[in-house]
Amino acid sequence: MAVATVLVVGGCGGTKTVTETVGAKTGAGPPGELVEFGHIESLARDGDDFRMRFDPAWFLSGETANVAAAEDGAVEPGQPVPNDNYRVDEGHRQLTYLVPATAEVTVLADGPNGTPIEVSQLADLVAGKDPLDGPLF
């Protein structure tokens, strides 16, 4: 089974918004791609690779977002959420992922076009350092 990991991070201020995509084998069984949304709490070298602590959340849209936001009191029942999305961040349980040093990482700094960086540079970003020339956000 071949597994490839792609991390995408974007945000502003102290918030780190992350999507992690993991590709797996095709054929019978569960879907070959898992997409998660949440916050990278830490990303540190662990031998030749990295260990990531990740706090998952739900990024909702459409009717699911509208109902959840109304139930949370964020909008009036029957009203749509702004920008057709709503984030549910419950529990704050941090999950541990092993991230290969060779994983593909793209930082979303300005719009949908990203900047490819290395996992070590993402670790610097998570630690509050700027591994690239100039500001990202």
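1. A quick definition to start: a residue is called buried under 20% relative accessible area, exposed over 50%, and partly exposed in between. R53 has a relative accessible area of 28%, so this residue is partly exposed. Please keep in mind throughout that the model is predicted.

2. Let's stay with R53 for a moment. This arginine sits in strand β4. Setting aside neighbours within four places in sequence, R53 is in contact with H39, I40, E41 and S42, and also with Q94, L95 and T96. With T96 there is a polar contact between the two side chains, at 2.4 Å. Y97 is 44 residues away from R53 along the chain, yet their C-alpha atoms are separated by 6.5 Å.

3. Next, have a look at the largest nonpolar core, which has 16 residues. Which of them touch the most other members? They are I40, L43, M52, V99, V119 and L122. At least two residues of this core come from each of β3 (33-46), β4 (49-61), β6 (95-99), β7 (104-110) and α2 (119-126). Helix α2 gives the largest share, with 5 residues.

4. There is another core to find, lying apart from the one just described. This other core has 8 residues, including L60, A69, V75 and V81.

5. A69 is a good bridge to helix α1, which covers residues 62-72. Which residues of this helix are buried? They are A65, N66, A68 and A69. The buried residues of α1 pack against β4 and against β5 (85-88). Just after the helix comes G73, where phi is positive, at about 80 degrees.

6. Now for the aromatic rings. How many aromatic pairs are there? The count comes to 2. One of them is formed by F37 and F59: the ring centres are 5.0 Å apart and the planes make an angle of 40 degrees, a tilted arrangement. Because F37 belongs to strand β3 and F59 to strand β4, this pair ties together parts that are 22 residues apart in sequence. Are these two residues buried or partly exposed? F37 is buried, at 13% relative accessible area, whereas F59 is partly exposed, at 49%.

7. F54 and Y97 also form an aromatic pair, this one edge-to-face. Their centres lie 5.8 Å apart, with 85 degrees between the planes. F54 is in strand β4 and Y97 in strand β6, and the pair links these distant parts of the chain, which are 43 residues apart. Both F54 and Y97 are buried. You have met Y97 already, as the residue whose C-alpha atom is 6.5 Å from that of R53.

8. Last, the charged side chains. How many salt bridges does a search of the whole structure find? The search finds 1. D46 forms a salt bridge with R51, and the closest N and O atoms of the two are 2.8 Å apart. D46 has a relative accessibility of 34%, so it counts as partly exposed. R51 is partly exposed as well, with a relative accessibility of 39%.

Technical notes: Residues are numbered from 1 along each chain as its sequence is written. This is a predicted model: local features need pLDDT of at least 70, side-chain atom pairs count only at pLDDT 80 or more; totals for chains, interfaces and linings use all residues. Side-chain values use heavy atoms; hydrogens and water are left out. A nonpolar core is a set of buried Ala, Val, Leu, Ile, Met, Phe, Trp, Tyr and Cys residues joined through side-chain atoms within 4.5 Å. Buried means under 20% relative accessible area, exposed over 50%, partly exposed in between (1.4 Å probe, protein chains only). Helices (H or I, at least four residues) and strands (E, at least two) are DSSP runs, numbered from the N terminus. A salt bridge is a side-chain nitrogen of Lys or Arg within 4 Å of a carboxyl oxygen of Asp or Glu. Contact means heavy atoms within 4.5 Å. A polar contact is a pair of N or O atoms within 3.5 Å; within protein, one must be able to donate a hydrogen and the other to accept it, and residues adjacent in sequence count only if both atoms are side-chain atoms. Rings of Phe, Tyr and Trp (its six-membered ring) pair if their centres lie within 6.5 Å; planes under 30 degrees apart count as stacked, over 60 as edge-to-face and the rest as tilted.
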